[in-house]
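Work through the following exercises with the model open beside you, trying each task before reading its solution.

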Amino acid sequence: MGLVQNVGESGIEGLDHNFVTAPLEKLVNWSRARSSWPATFGLACCAIEMMATGGSHYDIARLGMEVFRASPRQADVMIVAGRVSQKMAPVLRQIYDQMMEPKWVISMGVCASSGGMFNNYAIVQGVDQIVPVDVYAPGCPPGPETLLHAITTLHEQIESGELLRRRAETGAGANIMIEQLDGQGQSELVTLTSKA
C-alpha cells in the first residue's frame, strides 16, 4: 500500500531506487526525450526559421517533434522564437503555466535570449526573466541546424534526468548555451564587411 501511495502522490520520483526502478526511470526519460511536443509560439523572424525546421528537409519527425501543438495543454516544449514585448510577456507566461509537466524551454535567437538590438522599454531583455530557460540557441536568426542542435541538446539533458533534478532543486532552467552551427559566423561577418 505504501509503494502505491508514494507513486500516486509524486509519480516515478516517489519510488526508491533499486534494480527495477532505475531502468524504469531511464526508460521514462528516454521516452520523454523522444516524444516532446513543442507549443507553437513564434513571435518574429526566428519563427520563420522554426517553421523551416518543421519542414520535410530537416525532418524533425525523427526526433518525435513533428507535431507543433496549438494547445499548450498538449505541449511540453516551448520554443520562444523572436523578441518578446512587454505586452506579450504575460501571455507567454500564461501559456507556459498551462503546459503539462515536465516542461522545457528553448530560447531561440538573440532577441529572445537578451533583447537583441532592441534595448528599450518595450522589449523584455531576456525571456529568462519570465520563464526558466533550458537551452539558448544563438543567432539572428539561428537557422534550422542551430535549432536542431538545441533540440538534441535538450533531449540529451532530458534523457539524463539532469533537468528534472535541477528544476526540483532550484526551480531554474539549465541555462545551456550552444554554439551556432549555421548562418553568419564571425568569420563570415568579417568577410562580408571587408568586401563591402
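**Exercise 1.** Determine for strand β3 which residues lie on each of its two sides, and whether those residues are buried or exposed.

Solution. Begin with the extent of the strand: β3 covers residues 104–108, where strands (E, at least two residues) and helices (H or I, at least four residues) are DSSP runs numbered from the N terminus. Next, sort the side chains: Trp-104, Ile-106 and Met-108 lie on one side, Val-105 and Ser-107 on the other. Then apply the accessibility classes, in which buried means under 20% relative accessible area, exposed over 50%, and partly exposed in between (1.4 Å probe, protein chains only). Both faces turn out to be covered, since every one of these residues is buried.

Before going on, note that this is a predicted model, in which local features need pLDDT of at least 70 and side-chain atom pairs count only at pLDDT 80 or more, whereas totals for chains, interfaces and linings use all residues. Residues are numbered from 1 along each chain as its sequence is written, and side-chain values use heavy atoms, with hydrogens and water left out.

**Exercise 2.** Carry out the analysis for β2, and find which residues point each way from the strand.

Solution. Strand β2 spans residues 77–81, and five of its five residues are buried. Val-77, Ile-79 and Ala-81 point one way, while Met-78 and Val-80 point the other way.

**Exercise 3.** Trace the pairing of the strands from β1 to β4, naming bridge partners where you can.

Solution. Two strands are taken to pair if DSSP finds at least two bridges between them. Start at β1 (residues 38–39), which pairs with β2 in the parallel sense over two bridges; here Ala-39 has Met-78 as its partner in β2. Move on to β2 and β3, which run parallel and are joined by five bridges, with Ile-106 as the partner of Ile-79 and Val-105 opposite Met-78. Finish with β3 and β4 (residues 135–137), a parallel pair joined by three bridges, in which Val-135 is the bridge partner of Ile-106.

**Exercise 4.** Assign the handedness of the β-α-β unit made by β1, α3 and β2, and then that of the crossover from β2 through α4 to β3.

Solution. Set the strands pointing away from the viewer: a crossover is right-handed if the path from the first strand over the helix to the second runs clockwise. The unit of β1, helix α3 (residues 46–53) and β2 is left-handed. The chain then passes from β2 through helix α4 (residues 89–98) to β3, and this crossover is right-handed.

**Exercise 5.** Establish which residues of α3 are buried, and explain why they line one face of the helix.

Solution. The buried residues are Cys-46, Ala-47, Met-50 and Thr-53. Seen down the axis of α3, they fall within an arc of 110°, so they line one face of the helix; the arc is that of the directions from the helix axis to the C-beta atoms. As background, an α-helix has 3.6 residues a turn, so residues three or four places apart point the same way. On the other side of α3, Ile-48 and Met-51 are exposed. Finally, look for what the buried residues pack against, with contact meaning heavy atoms within 4.5 Å: β2, β3 and α6.

**Exercise 6.** Locate the backbone features listed here: the cis peptide bonds ending at Pro-102 and Pro-141, and the positive phi values of Asp-59 and Asn-175.

Solution. Take the peptide bonds one by one.

- Glu-101 and Pro-102 are joined by a cis bond with omega about -15°, and Pro-102 sits in the loop between α4 and β3.
- The bond from Cys-140 to Pro-141 is cis, with omega near -15°, and Pro-141 is in the loop between β4 and α6 (144–160).

Turn then to phi.

- Asp-59, in the loop between α3 and β2, has phi near 50° and is partly exposed at 35% relative accessibility.
- Asn-175, in the loop between α7 (162–170) and β5 (176–177), has phi near 55° and is partly exposed, with a relative accessible area of 46%.
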